[in-house]
Amino acid sequence: MTVSVAIIGTGPAGFYTADALIKKGVDCTIDLIDRLPTPYGLIRFGVAPDHQTTKKVSRAFEKTALSDACRFFGNVEVGRDVTLAELREMYDAVVLAVGAGHDRLAGIPGEDKKGVIGSATFVGWYNAHPDMRDLDPDLDTPSVVVIGNGNVAIDIARVLVKTREEMADSDLPEYATAAIEASPIKDVYMMGRRGPIEAKFTNVELREMGELKNAVPLVDPAQLPADVGDLDNLRDQRLKEKNLATLKEFTKFKPADAAKHVHFGFYAQPVEILGGDHVEGLRLEKTKVENGRAMGTGEFFEIECGLVIPAVGYRSLPVADVPFDEEKSVVVHDDGRVAPGLYAVGWVKRGPSGVISTNRPDGAKAAEHIAEDCGAGGKPGRTALSAHLEGRGVRIVTFEDWKKIESAEIAAAEGPAPRRKFETLTEILNVLGH
Ligand SMILES: Cc1cc2nc3c(=O)[nH]c(=O)nc-3n(C[C@H](O)[C@H](O)[C@H](O)COP(=O)(O)OP(=O)(O)OC[C@H]3O[C@@H](n4cnc5c(N)ncnc54)[C@H](O)[C@@H]3O)c2cc1C
């Protein structure tokens, strides 16, 4: 008998799980379900449009999707087209790989004002996520504050200051290219509550900020320590040393060097969004860092701006009938086991941190559990799901369909762009003749 496995979510965590099951030689069928007609989760809708090399990891996932055991069920939303309870009836094992694709805000007064846009929404907008395509953010402001000191904050700042020419070999959609090009944005402030040593940038992303055509990074030398001190972890120590060296190099830039500026601000926590209906500024409190924690100093200042983007992490939503840890925003699990025959991997298991490959061990662990728990299987899986969806009139997007969508996107690309992404579900389903 064959074990029937349903994986909900086709981002990295879902694909690493499928890959681990195959490599482990588990006799199984694997159905990869996604609410979108396109696979790869945040590789397509999170990773920056000008970081195409990073997106190439999806080629390895494609091989997994094309293996005999796997079937892609795109355009199938669990909770709408089929419930989790129904899937658990149909399959021996169900894996939650639904990620954490929702905004986490900074939790300060005024975040309901127009002009405050969470990073998940903003990043989704510039990556042509069908849910965010119509956001139409108001970029008619000379200055923007991005709250956060991680790679997502850097991605957002970079995309806002790069020129159309610099983006030509990216898959930034034309509506976003045009909106950014037309905007009067001159200053992007990236504000972190802790210091440069605690900032979570990777060095490649940080260095990139010193190589832009029309923008320079600005760093206040007074905020940079002489050295990083002694850290327990040697790898961490090297990364921090590199970052500090890069930030020290950035102090050579002056505002007059370029039309646009990315200000690296440290030791400042946001306390209130200012303005009437619309954002007019951000009030911050200066901090000092003690034992790695930021403490307010009671000294305040304000930055005038028309757009605030909190980039302080992403958030999972509770999954119906599954215990959820609201504080950590993850499903409750024991080393990846959620309930008999139900497992969790990736961001919905660990929270929104780490890079694509950080999700790989989750997949290996889930495959181990499934091999241990599910014996010879016996539940019908794929045939039951297909019949259920047919009965509901759901238009399943197969992997073959996805390849058609992908070919059409590549064919529509202009100049050095890798593809022109379809922006709406209707556009995508039209390509498939529906
Ligand atoms: C802005 C941003 C930039 C990043 N850049 C990089 C980078 O440059 N390099 C790097 O290594 N990492 C990067 N990462 C991290 C990387 O994207 C994540 O580690 C990874 O995507 C998490 O994988 P996941 O599978 O848990 O979730 P996701 O990738 O979010 O996948 C979840 C999938 O589940 C689907 N889904 C959700 N709910 C349902 C439902 N009810 N029914 C069916 N399907 C559902 C979603 O449509 C999605 O396809 C970035 C992350 C962000 C947010």
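Where does the ligand lie in relation to domain 1 and domain 2? The legends below address this question for a predicted model.

**View 1. Domain division of the protein chain in the predicted model**. The chain is split into domain 1, comprising 3–101 + 316–431, and domain 2, comprising 103–314. A distance of 31 Å separates the C-alpha centres of the two domains.

**View 2. The ligand between domain 1 and domain 2**. Residues of both domains contribute to the shell around the ligand, and the ligand therefore lies between them. Two helices, α1 (12–23) and α7 (151–161), each provide at least two residues of this shell.

**View 3. Residues of the ligand shell**. The ligand is surrounded by 31 residues, of which A13, D34, L42, W347 and I356 come nearest. Sorted by class, the shell consists of 17 nonpolar, 10 polar and four charged residues.

**View 4. Backbone atoms of R35, V355 and I356 beside nitrogen and oxygen atoms of the ligand**. At R35, a backbone N or O atom is placed 3.1 Å from a ligand nitrogen atom. For V355, a backbone N or O atom lies 3.4 Å from an oxygen atom of the ligand. I356, which is also among the residues that come nearest to the ligand, has a backbone N or O atom 2.8 Å from a ligand oxygen atom. Taken on its own, the ligand has 1,000 Å² of accessible area, and the protein covers 88% of this area.

**View 5. The interface of domain 1 with domain 2**. Contacts between the domains involve 29 residues of domain 1 and 27 residues of domain 2. The area buried between domain 1 and domain 2 is about 2,100 Å², with 54% of it on carbon and sulfur atoms. On the domain 1 side, F45, P49 and E423 account for 30% of the area buried against domain 2, more than any other three residues.

Methods
Residues numbered from 1 in each chain as written. Predicted model: local features only at pLDDT ≥ 70, side-chain atom pairs only at ≥ 80, totals over all residues. Heavy atoms only, no water. Near = heavy atom within 4 Å. Polar contact = N/O pair within 3.5 Å; in protein donor to acceptor, adjacent residues only side chain to side chain. Areas by Shrake-Rupley, 256 points an atom, 1.4 Å probe, with all protein chains shown as cover. Helix = DSSP H or I, 4+ residues; strand = E, 2+ residues; numbered from the N terminus. Nonpolar A, V, L, I, M, F, W, Y, C, P; charged D, E, K, R; others polar. Domains from an automatic or database assignment. Contact = heavy atoms within 4.5 Å. Buried area = accessible area lost by both parts, 1.4 Å probe.
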